[in-house]
Amino acid sequence: MLEEIKDLELLSTCHAEDKFHDECGVFGIFLNEYEDDCEAARTTFYGLYALQHRGQESAGIAVSNGHEIQLHKGMGLITEVIKPDHIKKLKGRLSIGHVRYSTTGMSNVVNTQPLVFHYLNGMLALAHNGNLVNTVELRKRLATYGSVFQTTSDTEVVANLLARYSQDNKIEDALARCIMDAKGAFALLIMTEDRLVGVRDPMGIRPLCIGELNGNYILASESAALDTVGATLIRDVNPGEIVVIDQDGLHSRQVIDSPRRAHCIFEYIYFARPDSTIDQVNVYQARREMGRQLARECNIDADMVISVPDSGTSSALGYAEEAGLPFEEGLMKNRYVGRTFIQPTQKMRELGVKLKLNAIEEVVCGKRIIMVDDSIVRGTTSKKIVQMLREAGATEVHMVVASPPTRFPCYYGIDTSRREELIASTMDETEIEKFIGADSLHYLSMEAMFAAMKSSEDTFCSACFSGKYPMEIET
Ligand code: SF4
């Protein structure tokens, strides 16, 4: 029986495995006004619940009661890790939480977050979304000062830097020094016994926003988490800005003023929820516009547009609208699969798509289909879906992709495949079309992608398409 369950878990991962993975989601709240001692922990729980798509391997909540920090974390979804009895014990007016999908650092309980540690001036909790690109150098430097490391996560490197710089400084001063040293992509929440601090990397690669709920401040990876807890989006944390929230309110300090912005464009393509607004651009509207741009670039004679649910749907609607074709639900998704415990083999990945998606024969039979997906990573899932549509009677299947070919890995906190596993890095478009078995294949051009974002290339990181990384990578 156990083996059967493991096989099912393995199979269920297959569609998700053929996507880039966001690494983490963070949420933090400072309550001035509150009804009960568990309100901060409870609100953080619901905030993380809304951010679950950003990481499903582990979850945790840390709470401060003004004197000490308590923590509960573990492997699994937020609902598996944090039970009502845990919330009852997590008492205090400040809280930070984290959901994680590991990229750097092994996937085990030692690397779960928030990290909580004692330092000279008390206790600190840390929750990090992103990835530092100079951890080897920083670890070496810290080791010469006597630092020891318990985990393989780069968050611990930040913790050690903070501990070192906070000996004679307030935590925000220490953090200001810290972000001068740390290079990479980060949205970081830090909680002391009496303060909540947030910082975003100087180019704004990873998202972080500020919300307000009944006079209380919240920091979160995405605005959808603010909506979920009834809060209002105030603004994004600026790249290179530190925000400190204490009993006197919110204070801001612009530590680094980089002229280069590099917001991760993949947040808009796939990672973020469509109901989130990041850096003043709504994700749903961005995806829909990418679909419209795609329709302008393609000229396909077809009967209908369908999407690979759910991430392809907003772009498919935009495509259908622009092309003047009906949008239909040709593929149905099983919403209750998608977690991973076992690394699937390529063979199992190919077998597993049907567990996640099924074609609706009554919709697609005898029809010429335009199928919209957000991206192609390995191509194995696309191949299986094209085959599935043909078996359901589709007479033509044209695959259109609402992003350019993904050719390069990400070093900024996103779990991409190795370069040689990215189909577009080893095959040209004609070869990919043949591999997936589609009648035609079309990708969104870089120019059209930026036109959809109504912005220029130097506002975004788009390195997984172009190979032009906005900052140097440690080798
Ligand atoms: S390389 Fe791609 S996934 Fe990584 S930060 Fe840049 S745009 Fe985002």
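**Exercise 1.** In this predicted model, find which exposed residues sit on the face of helix 6 turned away from its buried side.

*Solution.* Start with the buried side: in helix 6, residues 135–144, the buried residues are Thr135, Leu138 and Leu142. They cover an arc of only 65 degrees around the axis, so they lie on the same side of helix 6. Now flip to the face turned away from that side, and you meet the exposed residues Lys140 and Thr144.

**Exercise 2.** Work out what the buried residues of helix 6 pack against, then look at what follows the helix.

*Solution.* Take the partners first: the buried residues of helix 6 pack against strand 7 (122–132), helix 7 (154–165) and helix 8. Next, pick out helix 8, residues 171–181, which is mostly covered, with 8 of its 11 residues buried. Among those buried residues are Ile171, Leu175 and Ile179, and also Glu172 and Asp181. Last, go to the end of helix 6: glycine 146 follows, and its phi is positive, near 100 degrees.

**Exercise 3.** Is valine 110 buried, partly exposed or exposed, and which surface patch does it help make?

*Solution.* Place it first: valine 110 is in the loop between strand 5 (94–100) and strand 6 (115–119). Its relative accessibility is 42%, and since the partly exposed class runs between 20% and 50%, valine 110 counts as partly exposed. Together with Met75 and Val109, Val110 makes a nonpolar surface patch of about 240 Å².

**Exercise 4.** How much of the protein chain counts as buried?

*Solution.* Of its 475 residues, 59% count as buried. For the wider picture, the chain has 19 helices and 25 strands.

Key
Residues are numbered from 1 along each chain as its sequence is written. This is a predicted model: local features need pLDDT of at least 70, side-chain atom pairs count only at pLDDT 80 or more; totals for chains, interfaces and linings use all residues. Side-chain values use heavy atoms; hydrogens and water are left out. Helices (H or I, at least four residues) and strands (E, at least two) are DSSP runs, numbered from the N terminus. Buried means under 20% relative accessible area, exposed over 50%, partly exposed in between (1.4 Å probe, protein chains only). Patches are made of residues with over 30% relative accessible area and no salt bridge: like charges are joined within 9 Å, nonpolar side chains (Val, Leu, Ile, Met, Phe, Trp, Tyr) within 5 Å. Accessible areas come from the Shrake-Rupley method with a 1.4 Å probe; for residues, only the protein chains shown count as cover. A salt bridge is a side-chain nitrogen of Lys or Arg within 4 Å of a carboxyl oxygen of Asp or Glu. The arc is that of the directions from the helix axis to the C-beta atoms. Contact means heavy atoms within 4.5 Å.
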